[in-house]
Structures are given as C-alpha cells and as structure tokens.
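Reader: Could we go through this structure together? I would like to begin with the loops and then move on to the domains, cavities and helices.

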Amino acid sequence: MASADVLVVGAGLAGLATALGCARRGLTVTVLSPAPDAAGGQGTASALAQGGLAAAVGCGDSPALHCADTVAAGAGLTHPEIAEWITSAAPGVVADLLDLGARFDRDAGGALRLGLEGAHGRHRIVHARGDGSGAEIMRAVAAATLSHPRVTVWTRTRATRVRLDPAGTAVGIDAIGPAGALTIEAGAVVLATGGIGGLFAHTTNPLTSWGSGLALGLRAGARVRDLELVQFHPSALDVGIDPMPLVSEAVRGAGAPLVRDDGTLLADPLGARDVVARAVWDASRAGHRVYLDLTGGSAELRATFATRFPTVNASCLAAGIDPTAQPIPVRPAAHYHMGGLVVDVDGRTDVPGLWAVGEVASTGLHGANRLASNSLLEALVCAGRVADALALPHDHVDHVDQVRVAGMPDRPAPTPPTAHDRLLLENAAGLYRDGAGLRHAAERMRVRAEDDDARLVATLLLRAALQRTESRGAHRRLDHPAVTVPRHTYVDLTDLDQPLTERSAS
Ligand SMILES: Cc1cc2nc3c(=O)[nH]c(=O)nc-3n(C[C@H](O)[C@H](O)[C@H](O)COP(=O)(O)OP(=O)(O)OC[C@H]3O[C@@H](n4cnc5c(N)ncnc54)[C@H](O)[C@@H]3O)c2cc1C
C-alpha cells in the first residue's frame, strides 16, 4: 500500500509541475492520468503547445512590458496584481526549465531565440524544436517528476468524483482505473485537468479536454468564474481532422499573411486573437476560404519553414499540402478556456482541501482574452505556488496519510460529449452569440446536466454567456455589442434550477 500527502488529478504540465514541486518540498504525491503512459504527455494540451512560453528575457523587454501586454489583452478582466506576479516570475521559470534540461532554441551566438506572437509588444516567446515547445518542456518536466522517489503515477485512471468528509473538506477522489472503480484518499486534492475545447465541434484541444475537472469541482461545491470566456484560435488547419492540428501564431509572426481565396489580405495577422479569429470567421461566412500563405512572401521563410515549424510542416504534409508551395487552409477553433474554478493566489478553491492549477483554474491572469504563450507560464508559476502552500503543515490534512484503495462501484465513468452536443454548443456559443441561441441550446442541454458531466459544464457555460450581457474580449454578443462594466460571471450547481433569464454579470 502506498502513502501520499497530495493527490494530483491530471498529468499535463500543471499536474506534473505541481507534483514535482510538492515532492521536492518533502511531500509524497500520487498523480492520476487517463493515458497509458504519463511520460509522453499523451492526451494533454501541454504536449501540443507549439509557440512556447512568454518571458521577458530579451534586450529592451521587461516584466512590466509583458504585464502591460497581458492586461491589455485581458480586456478589463485581468487582475493586474496577478499579471504582475506571474510575468515577474517568468524569467525565473525559464531558468528553472533550463536547470531541468529543457533544450530551448538558440541563435548562433548561444542566446535564446525569442519568437513574436500576436498582441505581444516584444519578441519574448521562448521556444524549442521550432514549434515543438510543449513537447520539449513536458519531456524535461516529466523526466524529473516521474523519476522522483516521492511521486507515484497511476495511469489509465480517471477521477470521477471528489470525496468530501462530513465537514465538507476534500479528502480524496473516486476514480475508474484498469481494475474498475476505486477510492483514493489523500491530504489534499489538486485538480489539474486542463481545458474544455472538446465540448466544441471544432477544437485544437485533445478530445478528452471537455471540462471534467470543472464538473468535479462544481459537484464538490466549488464556484467557477467566467465559464463563457473561450478563446478561439484563428488558424487551425482546416482539413477535416478532429481535433484540428494547430498552425501556430508564430507562423504569422514569422511573416506569413492571412489571405482570402481571392488573394486579398485579411486583418493584421498579429492582432489580438479574438479580433483575428472573428476576421477569419467573417470571411468564411462571406463565402471565402481563408489561408495562411507563404507562397508569395519571404523566400527565407519558405527555405527554413520545415526546420522552424516541423510540427506544422508535418501536419500539412500529412494532409497533402506542401506549405511552401500551396496556401494553408485555416479556420478558427476552440482553443483555450479563460474561465475556470475560482482560486486564490495559492490555488485554493472555495472547497477546503481542494486546489486547482493550470487551465482548469481561473487565477485572474487571462481576463477575457489570453495573451499567447501565457498559459504554460501560468501553469508553471502557479504549480510552484501551490506546492509552497501545500508544504505548509496547515494546508493539507495530516490525519489522512495513506492512499487507500477500495471497491466503490459508485459513479460511472463520465461519457464524452456527443457530436450533436458539440455542434449545438459551437453554434450557440462560438465566436458570435445571442440570447435566443444561448437559451435554446441551454434548454436542450439541461435535460441530462444533472448526471452528465460534459452537459453540466456546457449548460453552465451557456448560462454564463447569458449572464454576460455585453461584448468583451473573446465573448461577442450580437444582441449586446457594447462593452459595459468589467465584472466576472459566477455559476454553480444551483443555477441549473434557475429560469433561463438574462441578468447582468455580477
Ligand atoms: C494545440 C495547442 C497549442 C498550444 N500552444 C500553446 C503555447 O504555445 N503556449 C502556451 O502557453 N499555451 C499553449 N496552449 C495552451 C496550453 O497548452 C494549455 O493551456 C496548458 O498546456 C494546459 O496545461 P494543463 O496541465 O492545465 O492541462 P493539460 O496539459 O491538458 O493536462 C490535463 C491533464 O488532465 C487529465 N485529465 C482530465 N480529466 C481528468 C480526470 N477526470 N481524471 C484524471 N485526469 C484527467 C488529462 O488527461 C491530462 O493529462 C496550446 C494549447 C493547444 C491545444
């Protein structure tokens, strides 16, 4: 029988970095991963990250400038003190990753090569293997975490419910593993389950990212914030693959323009993501296909494309497109969730003993529109903070010191969203929304929201979108085009019983 102080749900960057941080501070950690092997980052968004990690490490840059860009992108909902803290910590995070052996791309003089992405005022994206940044960062972090003697990983195991003691403190997890249902108890539970892109018909996320951790937190009594704030990436490769391979913003940063099929230029390719995504969407609604087009521009970009962007190049070639000779078809796709479980600066949710980190959490960094390459950064900075807090004796329950396994045929494994529900959500809560569409979809989703985790999250997202009677950042209401007062929306399980009326965000 194993023993553990901390149980981490999810083996993406946030989960593994939290586990490593806790283990290095003397705690024993159990990590749950639905994948057969946690080392390769399978089923995580983290391993798919292309552009890299934002940090003010270049000449003429500073955390203050990085912070200002983050706050500007967040469209009034970013918490400036959180942005200041996380952007200030970024250079240290890069140093930590180098210590772990991350091999970032360097120029001929040995300095870190820094990429440029949309709405960043400086070249500040640290990247690896061209567009293989997430895979390299995960390789380095996973190697250190999985070899740590105080970390145990349970693969092929999916959490289905947070266990609460009579006082309402989280003391473990019900899960489904290879041998069936099981119960795992621990002194603290950390949800690190990633995003929700898989709830939408078109997404760049692993299809298993459909908000399972939000449902776990909600059913335990935690509040969620800004569920309606979903970032759509402007340039997913539009070749009929699900999930859609990403064509990194760094390709636009390197000089490839976005064009309509009639050859006319579309939008500032390095504008804010929401603006560019809507421009691409508008063009396709007007009957155009939209392309990223390297064919007419820089010969140097064409010559170096395969080495600078090997992941994108491989995705294009697999789809029968030579990106240096043919324009790359793109369309927007659900990419990142700004909303999430409300956490304090240490990652505590409203439920004692329950923590959240990474994309599933809402720290206040991303506001209404995440700045590119700020999420790997957030995952690493916040993982360190969660570990610091958990290492304090009062922040984990010390009377539970063992992982206990028992047959608990309790909650069935949640089912992923159906194709029908994914389309329903995307049609109602895609790049453009209106009250009638949101209400219609929420009514249809509600039927099974009580026992279906994906439907629960989708229903509450639709309700949150109804609450936000304004257009801000990634949230665009055709019936409420104006920006009003910056406020968060909050929903919880009790909202399921409320009538579907619009009310101002509170
Ligand atoms: C294609 C793509 C490119 C991106 N590029 C960048 C980039 O360049 N820079 C950047 O900063 N961000 C980027 N992002 C965003 C970034 O990758 C994610 O926000 C970040 O990796 C989230 O990390 P995470 O650990 O929170 O979640 P994930 O990495 O998604 O990991 C979540 C883990 O939780 C597991 N899990 C889920 N539910 C359960 C459950 N019930 N029980 C047990 N385990 C569960 C999953 O299987 C997975 O292991 C990109 C995202 C995508 C999809």
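**Loops, domains, cavities and a helix pair**

Author: P243 is found in the loop that runs between β12 (230-237) and α6 (249-253). Please keep in mind that this is a predicted model.

Reader: Is the peptide bond from D242 to P243 cis or trans?

Author: The bond from D242 to P243 is cis, and its omega is near 0 degrees.

Reader: What about A119: is its phi positive or negative?

Author: A119 has a positive phi, near 65 degrees, and is a residue other than glycine. A119 sits in the loop between β4 (114-115) and β5 (125-126).

Reader: Turning to the domains, how is the protein chain divided?

Author: There is a domain 1 (24-229 + 338-506) and a domain 2 (234-333). Their C-alpha centres lie 27 Å apart. The contact takes 26 residues from domain 1 and 28 residues from domain 2.

Reader: How many cavities of 30 Å³ or more does a search of the whole structure find?

Author: The search finds 4 cavities of that volume or more. The largest cavity holds about 60 Å³ of space, and the second largest has a volume of about 40 Å³.

Reader: Which residues line the second largest cavity?

Author: Its lining consists of A73, G118, A119, E249, A272, R273, N369, R370, L371 and A372. A119, the residue with the positive phi, is thus one of the lining residues. By class, this lining has 5 nonpolar, 2 polar and 3 charged residues.

Reader: And which domains supply the lining of that second largest cavity?

Author: Domain 1 (24-229 + 338-506) and domain 2 (234-333) each provide at least three residues of the lining.

Reader: Back to the largest cavity, then. What lines it?

Author: The largest cavity is lined by L77, D226, M338, S362, T363, G364, L365, H366, G367 and H488. This lining divides into 3 nonpolar, 6 polar and 1 charged residues.

Reader: Last topic, the helices. At what angle do α1 and α4 pack?

Author: Helix α1 (residues 13-24) packs against helix α4 (residues 133-146) at about 35 degrees, and the axes are 9 Å apart.

Reader: Is the crossing of α1 and α4 left-handed or right-handed?

Author: The crossing is left-handed. On the α1 side, the contact is made by L13, L16, A17, A19 and L20. From α4, the residues are I137, M138, V141, A142, A144, T145 and L146.

Reader: How do the residues of that contact divide into nonpolar, polar and charged?

Author: The contact of α1 with α4 has 11 nonpolar residues, 1 polar residue and no charged residues.

Conventions
Residues are numbered from 1 along each chain as its sequence is written. This is a predicted model: local features need pLDDT of at least 70, side-chain atom pairs count only at pLDDT 80 or more; totals for chains, interfaces and linings use all residues. Side-chain values use heavy atoms; hydrogens and water are left out. Axes are lines fitted to C-alpha atoms, for helices over the stretch in contact, and angles run from 0 to 180 degrees between N-to-C directions. Helices (H or I, at least four residues) and strands (E, at least two) are DSSP runs, numbered from the N terminus. A crossing is left-handed if the near helix is turned anticlockwise from the far one by less than a right angle, and right-handed if clockwise. Contact means heavy atoms within 4.5 Å. Ala, Val, Leu, Ile, Met, Phe, Trp, Tyr, Cys and Pro count as nonpolar, Asp, Glu, Lys and Arg as charged, and the others, Gly among them, as polar. On a 1 Å grid over the protein atoms alone, a cavity is a set of points where a 1.4 Å probe fits but cannot get out, and a pocket is an open set with protein on both sides within 12 Å along at least five of seven lines; lining residues have an atom within 4 Å of a point. Grid points are joined across faces, edges and corners, and a volume is the space filled by probe spheres set on the points. Domain bounds come from an automatic or database domain assignment.
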